[in-house]
Structures are given as C-alpha cells and as structure tokens.
Amino acid sequence: MEQCLPIDDENNEYENDDPSMYQYVPTSAEDYLMNVRREANICPDVVVAENFDSSKFHSKQTVHYAKGSSLIPIPPSQELQDFLIHSFSENRQKFTQFKAEFQKNNSHLNIEVPVMKDENGWLAFCVGSNKQTTLIKALENLIEGFNRKEFTDLFGQWLYALLICIEKPLLPETTSMLRILARNCSQRRETMATDDHLVSALNLIIIVVAR
C-alpha cells in the first residue's frame with residue numbers, strides 16, 4: 001500500500017540518534033514529518049504509569065465484578081444470540097404491520113396515556129401512538145425505576161415490548177439511555193444465580209440493546 005505522506009530518507013540531514021534533532025526547527029512540511037517519525041521511533045511501545053493511585057476512580061466505577069465469583073452467568077452462545085435477534089426482528093416487523101393496519105382503521109381515535117391496569121388502553125397506546133417521544137418517555141421511566149424495583153417477568157416483558165415499539169434511527173439521547181439499560185441489566189445479572197430463569201430475560205435485553 002502506498003504511503004499517504006511519503007518521506008524521502010535520502011534527503012534527511014539528521015540521523016535518528018543525532019541529539020541536535022531535538023532542537024531542530026523544521027523548515028518545511030517534509031522536515032516536520034521527519035521529526036514526527038523520529039520522535040515516534042524513540043517512544044516505547046508500551047508505557048506503564050508509575051505510582052498511579054487508582055483509588056480516586058472507585059467512586060466513579062459503574063460495574064463491579066467480584067473475583068472468583070460463581071454468580072457471574074456464562075454469556076449466551078453466538079448461535080443463541082443470533083436466534084434471539086432474529087426473533088426480535090420478526091416481532092418488530094409484525095408490530096410495524098399491525099400498527100399500520102391499526103392506525104388505518106382507527107385514525108379517528110384520540111390516543112392518550114391509559115391508566116396502569118387498562119390492558120386494551122395500553123394496546124391502543126403502543127400501536128396507535130404516532131409520537132415516538134411518548135414511547136421513549138415510557139421506556140425512560142422504566143429505566144429510571146430499574147434499580148428501585150425488583151426485576152420480574154412482567155417488568156422484563158414491558159422493557160421488551162417498548163424496545164420493539166421504538167423506531168430507528170435512534171436519537172443520541174435514546175442510544176445513551178439504552179446503554180444505561182444494558183449496564184443496569186448486567187449489574188442485576190451479577191447478583192443472580194446462574195440457574196435463575198430471570199437471567200435469560202436480562203440476557204435478552206442486553207443482546208437486543210447491543211445489536
């Protein structure tokens with residue numbers, strides 16, 4: 001492959017080990033690039049900070065792994081991950097088709113946020129609402145309450161359903177929010193036994209967000 005910025009070594013007036021090169025002021029672009037290459041050559045491949053105190057970052061650490069812990073579940077196989085993503089994509093396509101049909105036949109409805117136990121109202125809200133911001137806000141509320149609530153099958157189902165409802169492309173704020181969700185799921189997963197069935201639900205959310 002041809003160099004992007006080739007340098008003619010034959011016209012180099014300074015050897016790599018010449019101490020005067022450190023005081024040399026480049027007079028051309030080629031001289032400047034040569035100096036950059038010299039400095040790069042004398043830099044070590046690996047640099048280790050000495051007397052570095054990492055304790056000041058402990059308060060900012062968001063994920064903690066216990067050494068030798070038997071609670072950390074084994075990640076799903078690549079085959080299983082591909083299957084889960086394929087199923088999620090199919091569900092998104094089915095939802096998109098159902099939503100288009102529902103809005104076509106119920107364009108006269110005034111969709112508002114329903115009460116908690118209104119199952120039909122939530123169905124109409126999720127498939128009839130044209131406001132992505134409203135759906136994203138509902139997901140944001142769940143994520144904010146993630147660490148304050150017990151993770152249950154129903155909670156996981158709500159998260160999965162809202163992930164299906166959110167359309168692409170994602171806003172940067174939504175992407176950041178989903179990363180927080182994945183991190184929260186990873187932290188919660190660490191506290192569970194490997195045979196806990198909720199680990200599978202957490203893995204599903206993590207995989208969906210990652211893809």
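Here is a short chat between a student and a tutor about this predicted model.

Tutor: Quick ground rules: this is a predicted model, where local features need pLDDT of at least 70, side-chain atom pairs count only at pLDDT 80 or more, and totals for chains, interfaces and linings use all residues. Residues are numbered from 1 along each chain as its sequence is written, and side-chain values use heavy atoms, with hydrogens and water left out.

Student: How many helices and strands are there in the protein chain?

Tutor: Helices (H or I, at least four residues) and strands (E, at least two) are DSSP runs, numbered from the N terminus. Read along the sequence, the pattern is α-α-α-α-α-α-α. So the count, with those definitions, is seven helices and zero strands.

Student: What percentage of the 211 residues count as buried?

Tutor: Buried means under 20% relative accessible area, exposed over 50%, and partly exposed in between (1.4 Å probe, protein chains only). In the protein chain, the buried part of the 211 residues is 31%.

Student: Which element gives the largest share of the largest nonpolar core?

Tutor: A nonpolar core is a set of buried Ala, Val, Leu, Ile, Met, Phe, Trp, Tyr and Cys residues joined through side-chain atoms within 4.5 Å. This one has 29 residues, and Leu139, Phe146, Phe151, Leu159 and Leu181 touch the most other members. Two or more residues come from each of α2 (78-105), α4 (132-144), α5 (153-165), α6 (172-190) and α7 (198-210). The largest share, seven residues, belongs to α5.

Student: Why does the span of α5 agree with what is expected?

Tutor: The expected span of a helix is 1.5 Å times one less than its number of residues. For the 13 residues of α5 that gives 18 Å, and the span agrees because the end C-alpha atoms are 19 Å apart.

Student: Which elements do the buried residues of α6 pack against?

Tutor: The buried residues of α6 include Met177, Leu178, Leu181 and Cys185. Take Leu181: not counting residues up to four places away in sequence, Leu181 touches Ile143, Phe146, Leu159, Ile205 and Val209, where contact means heavy atoms within 4.5 Å. The elements that the buried residues of α6 pack against are α4, α5 and α7.

Student: Is Asp153 buried, partly exposed or exposed?

Tutor: Asp153 lies in helix α5. Leaving aside neighbours within four places in sequence, Asp153 is in contact with His197 and Leu198. With a relative accessibility of 41%, Asp153 counts as partly exposed.

Student: Which peptide bond is cis, with omega near 0°?

Tutor: Most peptide bonds are trans. Here we look at the loop between α5 and α6, where Pro169 is found. The cis bond runs from Lys168 to Pro169.

Student: Which element gives the largest share of the lining of the second largest pocket?

Tutor: On a 1 Å grid over the protein atoms alone, a pocket is an open set of points where a 1.4 Å probe fits, with protein on both sides within 12 Å along at least five of seven lines, and lining residues have an atom within 4 Å of a point. The second largest pocket is lined by 14 residues, with Phe88, Lys168, Leu170, Val208 and Arg211 nearest its centre. The elements giving two or more residues to this lining are α2, α6 and α7. The largest share, four residues, comes from α2.

Student: Which residues is Leu170 in contact with, leaving aside its neighbours within four places in sequence?

Tutor: Leu170 lies in the loop between α5 and α6. Leu170 is partly exposed, with a relative accessible area of 34%. Its contacts, with those neighbours left aside, are Thr175 and Leu178.
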